[in-house]
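Reader: Before the terms are used, I should like to see how each of them is justified. Please take me through the reasoning.

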Amino acid sequence: MSEFQGLVALVTGGASGIGAATAAMLQQRGARVAVLDLDVTSAPAGTVAFGCDVTDAASVDRAVAEAAAQLGGIDIVVNNAGIGAAGDVSENDDTEWARVLDVNVTGIARVSRAALPHLRQSAHPVIINMCSAVAYVGVRQRALYSASKGAVLALTLAMAADHVADGIRVNAVAPGTADTPWVGRLLDSAPDPAAAAEALRARQPLGRLVTADEIAHTVASLASPLAASTTASIVRVDGGMTSLRV
Amino acid sequence: MSASRTAVVTGGMSGFGAGMAARLAADGVRVITLDIAEGADLAVDVTDEAAVHAAARPRRAGW
């Protein structure tokens with residue numbers, strides 16, 4: 001399949017985890033891929049990397065403009081950059097609340113805002129936001145993170161409404177707990193990492209964590225021009241976590 | 001990737017089903033269409049339980 005031939009994709013947070021898997025898969029399927037990340041040293045082979053901090057509008061504007069100039073426009077934006085947060089509502093101070101929402105929510109606005117003029121020039125424009133299972137179900141010790149991902153869900157629908165007249169599709173993927181460096185760090189910080197890992201697996205009806213490649217596959221599927229009628233869809237890739245009681 | 005897999009598509013001779021069958025085949029999946037329409041790999045009426053079972057039987061044994 002060469003359905004991405006001639007298309008340019010921009011993936012934020014594309015140097016590790018889900019973002020790297022997505023960037024690699026889009027590249028492998030024929031897209032030219034720009035990876036935007038704080039640290040681009042491990043950006044997938046074949047992609048073009050740009051240092052970028054999604055909390056800094058000037059940094060975003062510069063990276064998006066450079067990516068569009070070097071790769072010849074932007075057709076696909078994957079707003080994947082995000083950070084985690086643990087604890088109940090009392091366990092993060094205002095500074096941390098502001099920081100996580102700045103990265104996970106406002107970061108999407110900054111990158112999308114910078115990319116929109118390029119998307120309007122595209123024959124197959126699409127934005128995919130990284131949501132989460134915690135936008136659908138209450139999970140303990142994830143108050144701030146869940147608030148940010150609930151916002152991503154609502155933002156996805158609002159963006160889809162705003163840009164549907166321009167032919168720009170906006171969708172989201174909502175993964176369950178994924179086997180990524182991000183979750184690894186979360187586990188490492190737990191009092192009993194082995195028990196915490198087992199608890200995460202037990203929360204997944206499939207009995208294992210979701211893989212980054214499985215999420216990347218769904219992102220690619222939504223990004224494909226073959227999915228031209230799919231907009232305002234939030235696709236769960238969660239092993240049944242949010243829908244099953246088994 | 002999908003070379004060893006087989007898909008059964010009911011209603012595979014028209015509309016959505018024909019589209020699914022074509023895409024699966026393009027992806028390298030062996031496709032068997034079940035349909036009451038002419039040209040289906042297996043002429044089967046899915047309201048006929050015996051016919052559905054008969055259609056399934058040789059596949060399990062042979063393929």
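**Reasoning behind the terms**

Author: In this predicted model, strand β1 (residues 8-12) of chain A is largely enclosed by the rest of the structure, because five of its five residues are buried.

Reader: What makes a residue of β1(A) count as buried?

Author: A residue is called buried if 20 or more other C-beta atoms lie within 10 Å of its own. A:Val8, A:Leu10 and A:Thr12, which point one way, are buried, and so are A:Ala9 and A:Val11, which point the other way.

Reader: Why would side chains point in two directions from one strand?

Author: In a regular strand the side chains alternate between the two faces of the sheet.

Reader: How do you know which strands pair with β1(A)?

Author: Two strands pair if at least two bridges are found between them. Strand β2 (residues 32-37) of chain A has five bridges to β1(A), in the parallel sense, with A:Val8 opposite A:Arg32. Strand β4 (residues 76-79) of chain A runs parallel to β1(A) and is joined to it by three bridges; there A:Val78 is the bridge partner of A:Val11. Both counts satisfy the criterion, so each strand is said to pair with β1(A).

Reader: Which hand does the crossover from β1(A) to β2(A) have, and why is it called that?

Author: The chain passes through α1(A) on its way from β1(A) to β2(A), and this β-α-β crossover is right-handed. The term applies because, with the strands pointing away from the viewer, the path from the first strand over the helix to the second runs clockwise.

Terms used:
Residues are numbered from 1 along each chain as its sequence is written. Chains are lettered from A and ligands numbered from 1 in the order in which they are written. This is a predicted model: local features need pLDDT of at least 70, side-chain atom pairs count only at pLDDT 80 or more; totals for chains, interfaces and linings use all residues. A residue is buried if 20 or more other C-beta atoms lie within 10 Å of its own, exposed if 12 or fewer, and partly exposed in between; C-beta atoms are placed from the backbone. Helices (H or I, at least four residues) and strands (E, at least two) are DSSP runs, numbered from the N terminus.
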